[in-house]
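Colleague: Got a minute? I'd like to go through a structure with you. Can you put it up?

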Amino acid sequence: MTAQNSPRLRDLAAQHGFYVGTAVHTGAFTRAEAPYCDLLKREFNVIVAENMMKFVELSPAPDTYAWNAADALVDFAAANDMKLRGHTLVWHQQLPQWVTHRSWTPEEARSLLERHIKTVVGRYRGRVWAWDVVNEAIADTGGYRSDSFWYQQLGAEYIALAFQWAHEADPNAILYYNDYEAEGLSPKSDSVYELVRDLKQAEVPIHGVGWQMHLSEGWRVTAEHRSNAERLRGLGLELSMTEMDVRLSTPASAAQLESQARSYGEAMELALETCAALLTWGFTDKYSWIPGFRPGYGAALPFDADYQAKPAYTAMQQALLGAAQTAPLDQGA
Ligand code: G3I
């Protein structure tokens with residue numbers, strides 16, 4: 001926990017018209033775990049479903065939608081004055097077998113994707129602030145990800161189509177392209193830049209780029225991040241840090257936690273200068289994807305498994321407080 005009189009991240013962020021948030025764990029949320037939900041409401045003014053809004057979770061069988069968990073999250077965000085990010089409409093992972101384990105004609109695949117996007121975005125029209133329309137379409141070495149079901153079925157045009165369909169279903173939603181390890185300057189981030197540049201030039205309704213920020217110990221902001229942010233924003237696009245965590249080898253030492261705090265503090269400072277929002281991918285080490293996917297690593301989030309604030313939380317708070325002292329408060333907040 002944090003001291004009762006400690007300023008909350010969401011209150012500090014609101015002073016700048018900024019949004020700080022986190023991904024919501026399906027189990028903890030649907031079980032309504034009190035310490036989890038209480039901290040979620042107290043600290044964050046934007047949330048996103050870690051898994052509840054993915055294709056496989058929403059549509060586990062043909063012509064079948066399971067809305068309960070996602071509906072509850074949408075209602076929770078509204079009830080707690082939170083913005084909601086939608087994650088994610090088009091991804092190469094977490095697709096149901098009824099989609100991937102049969103052959104489709106291009107026309108059938110196109111119709112399937114259009115129907116999914118318009119069904120989901122249409123259901124939450126006006127209630128989702130920003131959608132991760134397309135997630136991770138660029139390969140780690142640059143160029144299109146060729147192991148994407150959608151790329152294999154439709155070629156690269158699936159990307160522009162997805163944005164167009166999402167826009168038709170909710171003209172007011174902010175539409176993002178979201179990816180990982182494309183925050184600095186690299187062949188991958190060059191491909192992301194070229195992709196969104198070409199979409200903008202073709203007048204495809206894309207509005208933002210998400211930097212996932214899945215980071216390792218020792219990460220620091222560099223001039224490359226600032227250059228990449230500048231060129232993306234130069235296209236008229238919004239930026240957000242969408243899935244931040246800083247994995248540590250475990251068990252983590254005090255020195256590692258201090259280094260992690262510096263990563264979070266520097267990221268928050270950069271986000272306040274360049275982004276609309278900073279979200280972490282979970283907020284407590286009790287519920288993080290990392291230990292299961294990266295054995296030997298964890299302790300990646302701002303609160304420990306007992307919901308105690310870590311130095312990373314304090315660093316985020318200090319960055320927000322520092323911004324409060326250097327920039328005029330947003331009178332509209
Ligand atoms: O829901 C099923 C459950 O029915 C089944 O019993 C259980 C055991 O097989 O699996 C459950 O699904 C798991 C799902 O998380 C929900 O818990 C999947 O196996 C598991 O692979 C899935 O992991 C998610 C991962 O994406 C999939 O690649 C993580 O929770 C989630 O944090 C992670 O999030 C992604 C973002 O969406 C995109 N950016 C990268 C980020 C980290 O990989």
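Modeller: Sure. One term before we start: Ala, Val, Leu, Ile, Met, Phe, Trp, Tyr, Cys and Pro count as nonpolar, Asp, Glu, Lys and Arg as charged, and the others, Gly among them, as polar. Also, this is a predicted model.

Colleague: OK. How does the lining of the largest cavity split by class?

Modeller: It has 5 nonpolar, 3 polar and 1 charged residues.

Colleague: Which residues are they, the ones that line the largest cavity?

Modeller: Lys54, Phe55, Thr88, Leu89, Val90, Trp91, Gln93, Gln94 and Leu95.

Colleague: Which element gives the largest share of that lining?

Modeller: Strand S3, residues 83–90, with 3 residues.

Colleague: And what volume does the largest cavity have?

Modeller: About 40 Å³. The count is 1 cavity of 30 Å³ or more.

Colleague: How do you find empty space at all?

Modeller: You roll a probe the size of a water molecule over the atoms, and that shows where empty space is left.

Colleague: Let's switch to the ligand. Where does the ligand sit?

Modeller: The ligand takes up the space of the largest pocket. That pocket has a volume of about 470 Å³. It is lined by 19 residues, and Trp91, Gln93, Glu136, Trp289 and Phe293 are the closest to its centre.

Colleague: What classes are in the lining of the largest pocket?

Modeller: The lining has 5 nonpolar, 7 polar and 7 charged residues.

Colleague: How many residues surround the ligand itself?

Modeller: There are 16. Glu50, Lys54, His87, Gln93 and Glu243 are the closest. By class, this shell has 4 nonpolar, 7 polar and 5 charged residues.

Colleague: Which ligand atom pairs with the side chain of lysine 54?

Modeller: An oxygen atom of the ligand, 2.6 Å from a polar side-chain atom of lysine 54. Asparagine 51 also has a side-chain N or O atom 2.9 Å from a ligand oxygen.

Colleague: What about glutamate 243? Which kind of ligand atom is 2.7 Å from its side chain?

Modeller: A nitrogen atom there; the partner is an N or O atom of the glutamate 243 side chain.

Colleague: How much of the ligand does the protein bury?

Modeller: The protein buries 55% of the 800 Å² that the ligand exposes when taken alone.

Colleague: Back to pockets. What volume does the second largest pocket have?

Modeller: About 200 Å³. It has 11 lining residues, and the closest to its centre are Arg10, Ala14, Tyr19, Asn45 and Asp81.

Colleague: Which element gives the largest share of that lining?

Modeller: Helix H1, residues 9–14, gives 3 residues. The whole lining of the second largest pocket divides into 5 nonpolar, 2 polar and 4 charged.

Colleague: Last topic, the backbone. Is the peptide bond from histidine 87 to threonine 88 cis or trans?

Modeller: Cis, with omega near -15°. Threonine 88 is in strand S3, and it also lines the largest cavity.

Colleague: And the bond from threonine 250 to proline 251, cis or trans?

Modeller: That bond is cis too, with omega near 0°. Proline 251 is in the loop between strand S8 (238–249) and helix H12 (254–274).

Colleague: One more. Is phi of glutamate 181 positive or negative?

Modeller: Positive, near 50°, in a residue other than glycine. Look for glutamate 181 in the loop between strand S5 (174–179) and helix H10 (187–201).

Technical notes: Residues are numbered from 1 along each chain as its sequence is written. This is a predicted model: local features need pLDDT of at least 70, side-chain atom pairs count only at pLDDT 80 or more; totals for chains, interfaces and linings use all residues. Side-chain values use heavy atoms; hydrogens and water are left out. A residue is near a molecule or strand if one of its heavy atoms lies within 4 Å of it. A polar contact is a pair of N or O atoms within 3.5 Å; within protein, one must be able to donate a hydrogen and the other to accept it, and residues adjacent in sequence count only if both atoms are side-chain atoms. Accessible areas come from the Shrake-Rupley method with a 1.4 Å probe; for residues, only the protein chains shown count as cover. On a 1 Å grid over the protein atoms alone, a cavity is a set of points where a 1.4 Å probe fits but cannot get out, and a pocket is an open set with protein on both sides within 12 Å along at least five of seven lines; lining residues have an atom within 4 Å of a point. A molecule sits in a cavity or pocket if more than half of its atoms lie within 2 Å of its grid points. Grid points are joined across faces, edges and corners, and a volume is the space filled by probe spheres set on the points. Helices (H or I, at least four residues) and strands (E, at least two) are DSSP runs, numbered from the N terminus.
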